[in-house]
Amino acid sequence: MINKKWDQVLESEFKKDYFKKLGIFVKDEYKKKTIYPKYKDIFNCFRYTDYNEVKVVILGQDPYHGINEAHGLSFSVQEGVPMPPSLRNIFKELESDLGIKKTSTDLTPWAKQGVLLLNSIMTVVKDKPLSHKDKGWEIFTDRVIELLGEREDPLVFILWGSYARSKKSLIKNKKHLIIENVHPSPLSASRGFFGSKPFSKTNKFLKDNNLKEIEW
């Protein structure tokens, strides 16, 4: 369904009633409405970043709801689509932090290096943010965070905004680094996101733990 290791880790979750009901709900929604991302892209974050390869988790809430934006990776949009304001602010902070100027809106290269770009809610109705809230996705992704949080090898969890920060209690192992701040949205970015240096902090932690740094 996703890939070998994630399938093994999440096998018991896939068998639970809530996940079966979620699957039926989601398939029905795709038949009746315009849903993002494309059905085949829902689990992209797991396909690009296998369980054993995760070094960093960047948690989003739900997918972008505009035409052709979402493709299964939090904060990432497909090439050729206008850059959303939150992603623009993330790139501004990246340039300020590490001097890296990004033009590509597709964050797949991050995912392939071990950055799990996870949305807590993994599908959305076109033009209706949070339309698939409380349908079962949060139960599933909370379990993903718990499983990663229990891992022995050190990880970085990046939690931007109050929603993502509410998941902090799921991360049990104190070896992990939790970077939390306001959301990069234009509504809040000026209240502490800019200047927070999450990318250099992440790479320092990875280097200190003898892990390969991310080429942001």
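Trainee: What makes the largest pocket a pocket, and what volume does it have?

Mentor: The label comes from a 1 Å grid over the protein atoms alone: a pocket is an open set of points with protein on both sides within 12 Å along at least five of seven lines, whereas a cavity is a set where a 1.4 Å probe fits but cannot get out. The largest pocket has a volume of about 590 Å³, where volume means the space filled by probe spheres set on grid points joined across faces, edges and corners. Do keep in mind that this is a predicted model, in which local features need pLDDT of at least 70 and side-chain atom pairs count only at pLDDT 80 or more, while totals for chains, interfaces and linings use all residues. Residues are numbered from 1 along each chain as its sequence is written, and side-chain values use heavy atoms, leaving out hydrogens and water.

Trainee: How do you know which residues line the largest pocket?

Mentor: A lining residue has an atom within 4 Å of a point. There are 28 of them for the largest pocket, and Gln 61, Asp 62, Tyr 64, Ser 86 and His 183 lie nearest its centre. β2, α5 (85-98) and α8 each supply at least two residues of this lining, and α8 gives the most, with four. Those helices and strands are DSSP runs numbered from the N terminus (helices: H or I, at least four residues; strands: E, at least two).

Trainee: How many cavities of 30 Å³ or more does a search of the whole structure find?

Mentor: The search finds one, and about 50 Å³ of space lies in it. Among its lining residues are Cys 45, Pro 63, Leu 117, Leu 118 and Asn 119. Strand β3 gives the most to this lining, with three residues.

Trainee: Why is β3 called largely enclosed by the rest of the structure?

Mentor: Buried means under 20% relative accessible area, exposed over 50%, and partly exposed in between (1.4 Å probe, protein chains only). Five of the five residues of β3 are buried, so the rest of the structure largely encloses that strand. Val 115, Leu 117 and Asn 119 point one way, Leu 116 and Leu 118 the other. Leu 118, for instance, has 0% relative accessibility and therefore counts as buried. Beyond its neighbours within four places in sequence, Leu 118 is in contact with residues including Cys 45, Phe 46, Thr 141, Val 144 and Ile 145, contact being heavy atoms within 4.5 Å.

Trainee: How do you know that β2 and β3 pair?

Mentor: Two strands pair if DSSP finds at least two bridges between them. Five bridges join β2 (residues 56-60) to β3, and the two run parallel, so the requirement of at least two is met. In these strands Val 57 stands opposite Leu 116, and Ile 58 has Leu 117 as its bridge partner. The open sheet has four strands in the order β3-β2-β5-β6, with parallel pairing. β3 (115-119) and β6 are called edges because each has a single partner strand, leaving one side without a neighbour in the sheet.

Trainee: What does the angle between helix α9 and β5 come to?

Mentor: It comes to about 165 degrees, with α9 (residues 198-208) lying across β2, β5 and β6. Such angles run from 0 to 180 degrees between N-to-C directions, using axes fitted to C-alpha atoms (for helices, over the stretch in contact).

Trainee: What makes Glu 152 and Lys 175 a salt bridge?

Mentor: The rule asks for a side-chain nitrogen of Lys or Arg within 4 Å of a carboxyl oxygen of Asp or Glu. For Glu 152 and Lys 175 the closest N and O atoms are 2.9 Å apart, so the pair qualifies. Glu 152 lies in the loop between α7 (137-149) and β5 (156-160), and Lys 175 in the loop between α8 (161-165) and β6 (177-181), so the bridge ties together parts 23 residues apart in sequence. Glu 152, at 53%, is exposed, while Lys 175, at 44%, is partly exposed.

Trainee: Is Glu 13, which bridges to Lys 16, buried or exposed?

Mentor: Glu 13 counts as buried, at 4% relative accessibility, whereas Lys 16 is partly exposed at 39%. Their closest N and O atoms are 3.1 Å apart. In total the rule gives 16 salt bridges, and Arg 143, Glu 146 and Glu 150 are linked in a network of them.
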